[in-house]
Amino acid sequence: MKEKGEAQPLLPDAGDSAEPGVINPWRFLGLDVYTYNVLVMAIGFMVLFCSYNSYQNMATSLLSDHHNLGQVSLGTLYSSVVATVMFSPALVGKLNEKWVIVAGSVCFVVYMASMVKIVYGVVVAFSFVAGVGASILWVGQGVLLTKCSRDGERGRMSGLFWTIFQLCNVFGNLGAYFVFKDTNKQDLFLFFVGVGALGVLILLALKPLPAAAATAIAAGNGDSRRPLSAVKEGFALLRQPAALLLVPMFLWTGFELAFWAGEFTNLFDSKAIGLVLAFGGAAEVFGGIVTGKAGDVFGRSSVIVFAGLVYALGLVGAGYLASDHPPALPSLGGASLLAYLCAVAFGLGDAAFNTQVYAIIAEVLPGDVVGGFAVFQLFQNVGSAVGFFYSIALPVHGPGGTSAQLYVQAAVLLVSAVLFCVADRCFNTAARRSGGRSVVAVNSAEL
């Protein structure tokens, strides 16, 4: 028991794991500065992406009368992420994480503000700016979350952040639905800007970490290396033949997002987009919880096969929605029940694909996931950029609509799922042969 006047533990109930000599100088409502920062960051990101994700889901539909500006701007944004994400760790490594996160979030708000009065070139230019902001925002988030998570608490901190953050797809889409139901596009964009600005204000409430603790935690989490070294090690992973088989799935997670956030929303009344995708968002939250645990019980490949079948059913439903004679089903909020079923299928599929990708990266690189996730983000954003741009040439909706994009989606899904299952089997076999060591440590010939 601590004597009066003796230094208290850095975190409550931390026991002997607290860093020696580091005193927690600040508390808020009983929360230490680490839990407080994760909570504020989670709420700030949730509010910011209530705005941005809802905008993204509606952009291609609302901007269809501006020469495909929705697809062009989002394609430009994700291309910008691809071009800058590899340099973001170096920038974050030199600057304070709080201000990197705030700067990145401001880029999103400025981008959405450019939609209030549309000038084509200005919107595209700010799309690029938003892409730069996205790359530094998510790298900053990862660094701050790591510094606020000590050994034995990483799961708790990560779970706290992601549980709160994932609610953005439910609350954001519902908010957009009720606002847009009785207003015009300009008012909706102003709503997005206002909500995004609120997210920025919340992120400004982040507190600096104690210098000694931040240094100790960063060192303990392997964050003391040069920022780009983790990225290089991530690409070194791709020298393994089996690891290369994961690249199509990395691309697919961005490719499928571009379809159901971009093209799918053009298949029903734009006033109903928010409500339809709120169901998809709820399915994604539920799927993230269930499929993560299912992967541990039944294996990653089984979950990927299940997700592929569910997503394929969504594609079939989208094909019927786009047909000249869609099935006569009850409607809700201006959209057919079929649209809601498709959104749920896409949400469940998206959650399953991403949880299993995260799980396999964490297992392949148990001691250095930063590089693996950086490479994943790179390819995922390539998939999103391609998905938004190629939909201009192969639209499913409209008088010139074609089913070609649906077949492309199905083909890429099949190839990605099959190769993921092959890679998963190779990794499992190699791990058994090596006595559970990381796959990186296994000779590529064994794979």
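Me: How many of the 30 residues of H1 are buried in this predicted model?
Reply: Happy to start there, and do keep in mind that the model is predicted. H1 runs over residues 33–62, and the helix is mostly covered. The number of its residues that are buried is 28.

Me: Where is the kink in H1 centred?
Reply: H1 reaches 42 Å from its first C-alpha to its last, close to the 44 Å expected at 1.5 Å a residue. Even so, the helix has a kink of about 35°. The residue at the centre of that kink is Gln 56.

Me: Which residue caps the N-terminal end of H1?
Reply: Look at the backbone nitrogen of Tyr 34, which has a side-chain oxygen 2.9 Å away. That oxygen belongs to the capping residue, Asp 32.

Me: Which helix gives the most residues to the largest nonpolar core?
Reply: As background, nonpolar side chains tend to be buried together in soluble globular proteins. Here the largest nonpolar core has 113 residues, and Tyr 52, Tyr 55, Tyr 111, Phe 259, Phe 264 and Val 276 touch the most other members. With 18 residues, the helix that gives the most to this core is H1.

Me: Which residues are in contact with Val 276, leaving aside its neighbours within four places in sequence?
Reply: Val 276 is among the residues that touch the most other members of the largest core. Phe 264, also in that group, is one of its contacts. The full set is Phe 264, Phe 268, Ala 335, Ala 339, Tyr 340 and Ala 343.

Me: Is Val 195 buried or exposed?
Reply: Val 195 is found in helix H8, residues 185–203. Its relative accessibility is 18%, and the cut-off for buried is under 20%. Val 195 therefore counts as buried.

Me: How far apart in space are Val 195 and Cys 50, C-alpha to C-alpha?
Reply: In sequence, these two residues are 145 residues apart. In the fold, Val 195 is in contact with Val 47, Cys 50 and Ser 51. The C-alpha to C-alpha separation of Val 195 and Cys 50 is 7.5 Å.

Me: Which helices do the buried residues of H4 pack against?
Reply: H4 covers residues 97–113, and 12 of its 17 residues are buried, so it is largely enclosed by the rest of the structure. Among those buried residues are Val 100, Ile 101, Phe 108 and Tyr 111. The partners are H1, H2, H3, H5 and H8.

Me: Which residue caps the N-terminal end of H4?
Reply: The backbone nitrogen to look at is that of Lys 98, a residue that is itself buried. A side-chain oxygen lies 2.8 Å from that nitrogen. The cap is Asn 96.

Me: What is the phi of His 67?
Reply: Most residues other than glycine have a negative phi. His 67 sits in the loop between H1 and helix H2, and this residue is exposed, with a relative accessible area of 67%. Its phi is positive, near 55°.

Me: What is the relative accessible area of Asn 68?
Reply: Asn 68 lies in the loop between H1 and H2. It has a positive phi of about 60° although it is not a glycine. Asn 68 is partly exposed, with a relative accessible area of 30%.

Notes: Residues are numbered from 1 along each chain as its sequence is written. This is a predicted model: local features need pLDDT of at least 70, side-chain atom pairs count only at pLDDT 80 or more; totals for chains, interfaces and linings use all residues. Side-chain values use heavy atoms; hydrogens and water are left out. Helices (H or I, at least four residues) and strands (E, at least two) are DSSP runs, numbered from the N terminus. The expected span of a helix is 1.5 Å times one less than its number of residues. The bend at a residue is the angle between axes fitted to the seven residues ending there and the seven starting there. Buried means under 20% relative accessible area, exposed over 50%, partly exposed in between (1.4 Å probe, protein chains only). A polar contact is a pair of N or O atoms within 3.5 Å; within protein, one must be able to donate a hydrogen and the other to accept it, and residues adjacent in sequence count only if both atoms are side-chain atoms. A nonpolar core is a set of buried Ala, Val, Leu, Ile, Met, Phe, Trp, Tyr and Cys residues joined through side-chain atoms within 4.5 Å. Contact means heavy atoms within 4.5 Å.
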